[in-house]
Amino acid sequence: MMMNRQYDMDWIRVLATMAVFLYHISMFFNPFPWHVKNNDVSSTGVLIFTLFNGAWIMPIFFVVSGISVFYALERRKGGEFLKERFIRLGIPLLLGVFILSPPQVFIERLTNNQFSGSLFEFFPHYFDGLYLDIGGVGNFAFVGLHLWYCLVLLVFSLLTFPLFKNVRGHNVSFRTIHFVLLPLGLFVISLVDTVNLGGWDLHFYLVLFLYGYYYFSKKEFKKAVKVTFPLHLITAIVTSIVYIVLFIEFHPQTWISEVIFDFVRVVNCWSWLLSIFNLADKYLSFTNVKLKYAGEASMPFYIIHQPVIVLLGYSIYDLSWSIPVKVIFLTVLSFLTIMFIFHFIIRPNNVLRLLFGIKSKKVNMNSEIKQQM
């Protein structure tokens, strides 16, 4: 059975990729640990942007991924789906671990005075211990640094495939009450710490991935969000303000304040997810040449954006330029560099397309022919 393509999901994926790009630009300037830091990290404006963006950016990727799995299993057999997961996630992950991560770890070690020497001299040391955290002592980035998303999504896909195969999403109805039950469940889950990546815990992402598959992919979900959208948008804006003020002015010190802080943060994340999906459904349910190009570029863009930012950031981190000048310089030059690499190097080459998680040009042409028939 052929499913209608959800163009709003394509737009969300593209725009979320751009949001991640800007988030990592902000990591160069904010006070949080990162691979390379500017010599001045005092910008309150950058910190506010980081807090606002970081509250929902990675969660939305896992919701969209859950929705994508639902539609993928509608048109592919189980074996084809798993093969596609390994190719489109596993190969870029290996590229990240062995090619893209070493220069970033090298720069981190240099700027933290943990190593002195050239990149060539550092390569043998890349396998000295596991890289577990920024500023640690291990070098081998076995999760590919920012490509941890590919590893986690691959693991989630393998773990949930038996569940999705036996409990399909058709009979899972969505009711308005879920707008209360789901965030409460997420809040309880957020209180349990296992492995924190991208600002949230792994099991938090897993639940959102499952929500994406079973609920966010339903027509009933879109109808319910449309009716309640004003409430979600107001809640998102208000909780963003409260969350940011709490973090900057009254960072939680007691367990009670931490619980309150977590609750506000979860409600904020949930409200933005609902608001974004409704806005995308209303305004972005269409396709054009720009979406086709950007959709193809989004995966390579995601893969190479952080290494480019780290390398360019390292070239200016100790200069005396003002923060606004560095923000503009790093944002513009990083974007142009990434797009140049994609358009002129990756896009025309089928081998590189495979390494960066996109289909070969021949496959794309066949797919377009099938869609026109």
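**Exercise 1. Determine which residues of the largest nonpolar core touch the most other members, and which helix gives the most to this core.**

Solution. The structure is a predicted model, in which local features need pLDDT of at least 70 and side-chain atom pairs count only at pLDDT 80 or more, while totals for chains, interfaces and linings use all residues. Residues are numbered from 1 along each chain as its sequence is written, and side-chain values use heavy atoms, with hydrogens and water left out.

Step 1. A nonpolar core is a set of buried Ala, Val, Leu, Ile, Met, Phe, Trp, Tyr and Cys residues joined through side-chain atoms within 4.5 Å. Buried stands for under 20% relative accessible area, exposed for over 50%, and partly exposed for values in between (1.4 Å probe, protein chains only).

Step 2. The largest such core has 111 residues, and the members that touch the most others are Met 58, Tyr 211, Phe 216 and Phe 277.

Step 3. The most is given by helix H3 (residues 57–75), with 13 residues. Helices here are DSSP runs (H or I, at least four residues), numbered from the N terminus.

Step 4. For Tyr 211, set aside residues up to four places away in sequence; Leu 182, Leu 186, Phe 216 and Trp 270 are then touched. Contact requires heavy atoms within 4.5 Å.

**Exercise 2. Describe how helix H7 packs against H8 and against H10.**

Solution. Step 1. Axes are lines fitted to C-alpha atoms, for helices over the stretch in contact, and angles run from 0 to 180 degrees between N-to-C directions. Angles under 35 degrees count as roughly parallel, over 145 as roughly antiparallel, 65 to 115 as roughly perpendicular, and the rest as oblique.

Step 2. H7 (residues 178–190) and H8 (residues 202–216) have axes 9 Å apart and an angle of about 160°. H7 is therefore roughly antiparallel to H8.

Step 3. The H7 and H8 crossing is right-handed; a crossing has this hand if the near helix is turned clockwise from the far one by less than a right angle, and is left-handed if anticlockwise. The H7 side of the contact includes Leu 182 and Leu 186, and the H8 side includes Val 207 and Tyr 211.

Step 4. H7 and H10 (residues 255–283) cross at roughly 135°, their axes coming within 9 Å. H7 is therefore oblique to H10. This crossing of H7 and H10 is also right-handed. Among the residues that meet are Leu 182, Leu 186 and Phe 187 in H7, and Val 266, Trp 270 and Leu 274 in H10.

**Exercise 3. Characterise the packing of helix H1 against H10.**

Solution. Step 1. The axes of H1 (residues 7–27) and H10 come within 9 Å, with a crossing angle of roughly 125°. H1 is thus oblique to H10.

Step 2. The crossing of H1 and H10 is right-handed. From H1, Asp 8, Met 9 and Ile 12 take part; from H10, Ile 276, Phe 277, Ala 280 and Asp 281.

**Exercise 4. Establish how many disulfides the structure contains, and why Cys 150 and Cys 269 are not bonded to each other.**

Solution. Step 1. A disulfide is a pair of cysteine sulfur atoms within 2.5 Å. Searching the whole structure gives zero disulfides.

Step 2. Cys 150 has its closest cysteine sulfur in Cys 269, at 20 Å, which is too far for a bond.

Step 3. Cys 150 is buried, at 0% relative accessibility, and Cys 269 is buried, at 1%.

**Exercise 5. Compare the surroundings of Asn 113 and Leu 145: is each buried or exposed?**

Solution. Step 1. Most residues other than glycine have a negative phi. Asn 113 has a positive phi near 55°, and Leu 145 has a positive phi of about 55°.

Step 2. Asn 113 is in the loop between helix H4 (78–111) and H5, whereas Leu 145 is in the loop between H5 and H6.

Step 3. Asn 113 is exposed, with 73% relative accessible area; Leu 145 is buried, at 8%.

**Exercise 6. Locate Thr 50 and list its contacts.**

Solution. Step 1. Thr 50 belongs to helix H2 (residues 44–54) and is buried, with a relative accessible area of 3%.

Step 2. Apart from neighbours within four places in sequence, Thr 50 contacts Tyr 23, Ser 26, Met 27, Asn 30 and Phe 32.

Terms used
Helix = DSSP H or I, 4+ residues; strand = E, 2+ residues; numbered from the N terminus.
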